Amino acid sequence: MIRKIALLFTLTLIGCRAFSQTCNCETEVKYIAGFMEKNYAGFKDKQALMTKAGYDKMLSEYIGLAKKPHANEHCLLIIAQYLGKFKDHHVSVGVKFDATKIDSAYIANREIVPITAEKIAELRKSKGFEGIYDFHDPAKI
């Protein structure tokens, strides 16, 4: 009986883990870079324009970004920026997801930035590019 309960518990944990998708951004960036280096037909030409040292430096900067805290939240952007360096409209990255479903794995691990009500009021009044872009009618709030 205890074995059956333990097995059921283990299978439940594995099932829950399978639904929450998290990525290791560093691993993903290295995979994309390796894929491009091996499979992208124009890689040698693009690398020659950047120089090998320039490309290696650029790649290490993107890997460094991928190692930062909360990089997994921005991983798609990091990869898109890396691919953008090739300046080839045939190479891109996209997302396929259901926007009507809540991604609990993302919500549980995302960065929370505390902000006071006073700071929000200050940002709403800001005339510079830093601020809150609120297009609602303040009379209706």
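Colleague: Which helix holds both Lys119 and Glu122?

Modeller: This is a predicted model, in which local features need pLDDT of at least 70 and side-chain atom pairs count only at pLDDT 80 or more, while totals for chains, interfaces and linings use all residues. Residues are numbered from 1 along each chain as its sequence is written, and side-chain values use heavy atoms, with hydrogens and water left out. Helices are DSSP runs (H or I, at least four residues; strands are E, at least two), numbered from the N terminus. Lys119 and Glu122 stand three residues apart, about one turn of the helix, and both lie within residues 117-124, which is helix α7.

Colleague: How far apart are the closest N and O atoms of Lys119 and Glu122?

Modeller: A salt bridge here is a side-chain nitrogen of Lys or Arg within 4 Å of a carboxyl oxygen of Asp or Glu, and by this rule the count comes to five. Lys119 and Glu122 form such a salt bridge, and the distance between their closest N and O atoms is 3.5 Å.

Colleague: Which residues are joined into one network by salt bridges that share partners?

Modeller: Side chains of opposite charge can pair when their charged atoms come close. Lys30 pairs with Glu26, their closest N and O atoms being 2.9 Å apart, and these two residues sit in helix α2, four residues or about one turn of the helix from each other. Glu26 also meets Lys67 in a salt bridge at 3.9 Å, N to O, a pair that links distant parts of the chain, from helix α2 to helix α4 (residues 52-67), 41 residues apart. Lys119 with Glu122 is a further salt bridge, and the network made by shared partners consists of Glu26, Lys30 and Lys67.

Colleague: Why does Lys67 count as exposed?

Modeller: The classes rest on relative accessible area: buried is under 20%, exposed over 50%, and partly exposed in between (1.4 Å probe, protein chains only). Lys30, at 44%, is therefore partly exposed, and so is Glu26, at 21%. Lys67 counts as exposed because its relative accessibility is 53%.

Colleague: At what angle do the axes of α2 and α5 cross?

Modeller: Axes are lines fitted to C-alpha atoms, for helices over the stretch in contact, with angles from 0 to 180 degrees between N-to-C directions. Angles under 35 degrees count as roughly parallel, over 145 as roughly antiparallel, 65 to 115 as roughly perpendicular and the rest as oblique, and α2 and α5 are therefore roughly parallel to each other. The axis of α2 (residues 25-39) comes within 10 Å of that of α5, and the two cross at roughly 25°.

Colleague: Which residue in the loop between α5 and α6 has a positive phi although it is not a glycine?

Modeller: Most residues other than glycine have a negative phi. Thr51 has a positive phi of about 75°, but Thr51 is found in the loop between α3 (43-50) and α4. In the loop between α5 and α6, a positive phi of about 50° belongs to Lys87.

Colleague: Where is Val93 found?

Modeller: Val93 has a relative accessible area of 37% and is therefore partly exposed. The place of Val93 is the loop between α5 (75-84) and α6 (104-109).
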